[in-house]
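Reader: I would like to go through this model by question and answer. Please keep the replies short.

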Amino acid sequence: MMVTPSYTAAADRPVSMALRAYLLITVIATFSRPTEAVLSVNATPEYIHSCRKADVQFNSCIKETFNHLRPYLIDGIEELTVPPIEPLVIPKMQMENGHGAVRVRAILSNMTIHGASNYTVLNVRSDMNKYRIDLGLFIPHIEATGNYDVNGNVLLLPVRSRGEFWASFENVTALAKLYGVEVNKEGVKFMKTERLGIGFKLEKSDFKIKDAINMQNVIGEAMNVFLNENSAEIIEEMKPAASQAIGKHFKNFLNNAFLQIPLKVWLKDSE
């Protein structure tokens, strides 16, 4: 069980709201490692719930496929070199937003995230003739800790901050839009993720930082109060850049799995 650091309210800095949106959706992703292993077309591992395109309840079957996978992702899938997601460990991610009132470059490192494995796929819409899958997901609670380094401007004021963070998010709903293509490797067909779009909503968020640079900055404290009072607007401002960054990382994660699992293994009536 995680223990929330005993940071005081005075420790919060202006960058807190700018980081929230990025941290929230990082929990859907992890990093991947290149691998040469490929599953046999004649075997269906226990962690795969296969479907058929001809099934009139195909979308429900795909939903069950992703929900069935959840307990295996907790400890990782060794033969696919998929790392555990509980906790989800992300060595480094970065984001840059150059538009609007919040223009910052953020680098997050040494992140440990709890709660991502408790996801539920609520609904699925798909068109497998075009390799299109939309997933609606829900995660009740997420906590994250790590290090951050932020440089930029918030509401025209310069921001330079570096230190440690703790973040909490409640009742997160997300939509992942997967755009895939069919690829052929030595006569075996696979699905590759070409593009991944992500959107999200949340009911509540809390964020604390321990700033190693601006520990006694009174102006920074005043700005932090303002940002907390306008958190919803600032999170909305950060969504495009955060979604782009997390989509790139999660696409790599999906391909690490999809490019090792032949279509016939999880889509039984593939040609």
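**Strands, cavity and disulfide**

Author: Strand β2 (residues 102–114) runs antiparallel to β4, and 11 bridges join the two. This is a predicted model.

Reader: Which residue in β4 stands opposite V102?

Author: β2 and β4 are antiparallel partners. V102 has its opposite number in β4. That residue is V154.

Reader: How many bridges pair strand β3 with β4, and which residue stands opposite S126?

Author: Strand β3 covers residues 120–127 and pairs with β4 in the antiparallel sense. The pairing runs over 7 bridges. Opposite S126 in β4 stands I133.

Reader: Which residue in the turn between β3 and β4 has a positive phi?

Author: β3 and β4 form a hairpin with 4 residues between them. Most residues other than glycine have a negative phi. The residue in this turn is not a glycine, yet its phi is positive, about 55°. It is Y131.

Reader: Is Y131 buried or exposed?

Author: Y131 lies in the loop between β3 and β4. The cut-off for buried is under 20% relative accessible area. Y131 has 12% relative accessibility, so it counts as buried.

Reader: How many bridges join β4 to β5?

Author: The two strands run antiparallel. D149 has R162 in β5 as its bridge partner. E143 has S168 in β5 as its bridge partner. The number of bridges joining β4 to β5 is 22.

Reader: Which residue has a positive phi in the turn of the β4 and β5 hairpin?

Author: This hairpin has 2 residues between its strands. One residue in the turn has a phi of about 55°. It is L155.

Reader: What is the bridge partner of E164 in β6?

Author: Strand β6 spans residues 188–211. β5 and β6 pair in the antiparallel sense over 22 bridges. In β6, the partner of E164 is K210.

Reader: Which residue takes a positive phi in the hairpin of β5 and β6?

Author: There are 2 residues between these strands. The positive phi is near 55°. It belongs to E186.

Reader: Where is N171, and is it buried, partly exposed or exposed?

Author: N171 sits in strand β5. Its phi is positive, about 50°, although it is not a glycine. Buried needs under 20% relative accessible area and exposed needs over 50%. N171 has 27% relative accessibility, so it counts as partly exposed.

Reader: What is the volume of the largest cavity?

Author: Rolling a probe the size of a water molecule over the atoms shows where empty space is left. The count comes to 1 cavity of 30 Å³ or more. Its volume is about 640 Å³.

Reader: Which residues lie nearest the centre of the largest cavity?

Author: The lining has 34 residues. The elements that give two or more residues to it are α2 (58–75), β4 (132–154), β5 (157–185) and α4 (231–258). Nearest the centre lie F66, L69, L73, F253 and L254.

Reader: How many residues of the lining are charged?

Author: Nonpolar residues number 32 in the lining. Polar residues number 2. The charged count is none: no charged residues.

Reader: Where does α2 bend?

Author: The bend in α2 is about 30°. A proline, P71, follows the bend residue within four residues. The bend is at L69.

Reader: Which residue follows α2, and what is its phi?

Author: The buried residues of α2 include F58, I62 and L73. After the helix comes G76. Its phi is positive, near 85°.

Reader: Which residues does the disulfide join, and is it left-handed or right-handed?

Author: The count comes to 1 disulfide. It joins C51 to C61, S to S 2.1 Å. C51 lies in the loop between α1 (15–26) and α2, and C61 in helix α2, so the pair ties together parts 10 residues apart in sequence. The torsion about the S-S bond of C51 and C61 is about -100°, so the disulfide is left-handed.

Reader: Are C51 and C61 buried or exposed?

Author: Both belong to the disulfide. C51 and C61 are buried.

Reader: Which residues does the cis peptide bond join?

Author: Most peptide bonds are trans. Here omega is about -5°. P87 is in the loop between α2 and β1 (88–97). The cis bond joins E86 and P87.

Notes. Residues numbered from 1 in each chain as written. Predicted model: local features only at pLDDT ≥ 70, side-chain atom pairs only at ≥ 80, totals over all residues. Heavy atoms only, no water. 1 Å grid on protein atoms, 1.4 Å probe; cavity = no way out; pocket = protein on both sides within 12 Å on 5 of 7 lines; lining within 4 Å. Points joined across faces, edges and corners; volume = space filled by probe spheres on them. Nonpolar A, V, L, I, M, F, W, Y, C, P; charged D, E, K, R; others polar. Bend = angle between axes of the 7 residues up to and from the residue. Buried < 20%, exposed > 50% of the residue type's maximum accessible area, 1.4 Å probe, protein only. Disulfide = S-S within 2.5 Å. Pairing = 2+ DSSP bridges.
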